[in-house]
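This report describes the surface and the secondary structure of a protein, beginning with its exposed area.

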Amino acid sequence: MSGWADPQDPTVYVPGPNNSTLADLLERILDKGIVIAGDIKIDLLDIELLTIRLRLFIASVDTAKRAGIDWWETDPAMSSRAARDALTEENEMLRERLAALESRLEDGNGGPSTPTPTESTPENRVR
């Protein structure tokens, strides 16, 4: 017999189509990551009017973190933890400013501040 395999022989392997599914392809892309880049330029008579640069990075969270991309963890609009951290930081800054103002008022008068005429005192209450 020549080098041809018998089609009736059940031990012969006939290669078929690749059984990769869309899920397998997506898993590979997310595992490795993919970058799509492009530029859009609008010129008029050799004068550049507008340039738009587009960069798209598609990857899993783990792959993005390995690439040093983690903006969603620090953006208050994307992370409740970041929103809490921003609020805590703002509260601390406001407390420090309030303490500094109170300290300036106390140091300026030699003691606790007295109410200003616009504040509620028995003399300036409307009857």
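## Exposed surface

The protein exposes about 11,700 Å², of which carbon and sulfur atoms supply 57%. The model is predicted. Of the 127 residues in the protein, 5% are buried.

## Secondary structure and contacts

The protein contains 4 helices and 2 strands. Read from the N terminus, the order of these elements is α-β-β-α-α-α.

Among contacts in the protein with a separation of 6 or more, 19% are accounted for by residues 24 or more positions apart.

## Nonpolar patch

A nonpolar patch of about 860 Å² lies on the surface. The residues that make this patch are I40, I42, L44, L45, I47, L49, L50, I52 and L54. Two elements each give two or more residues to the nonpolar patch, namely β1, spanning 34-44, and β2, spanning 47-58. Strand β2 gives the most, with 5 residues.

## Residue I47

One of the residues that make the nonpolar patch is I47, which lies in strand β2. The relative accessibility of I47 is 52%. Because the cut-off for an exposed residue is over 50%, I47 counts as exposed.

## Summary

The two strands follow one another in the element order, after one helix and before the remaining helices. Both β1 and β2 give residues to the nonpolar patch, and the patch covers about 860 Å². Within strand β2, I47 is an exposed residue at 52% relative accessibility. For the protein as a whole, buried residues make up 5% of the 127 residues.

Definitions and conventions
Residues numbered from 1 in each chain as written. Predicted model: local features only at pLDDT ≥ 70, side-chain atom pairs only at ≥ 80, totals over all residues. Heavy atoms only, no water. Buried < 20%, exposed > 50% of the residue type's maximum accessible area, 1.4 Å probe, protein only. Contact = heavy atoms within 4.5 Å. Areas by Shrake-Rupley, 256 points an atom, 1.4 Å probe, with all protein chains shown as cover. Patch = residues over 30% accessible without salt bridge, like charges linked within 9 Å, V, L, I, M, F, W, Y side chains within 5 Å. Salt bridge = Lys/Arg side-chain N within 4 Å of Asp/Glu carboxyl O.
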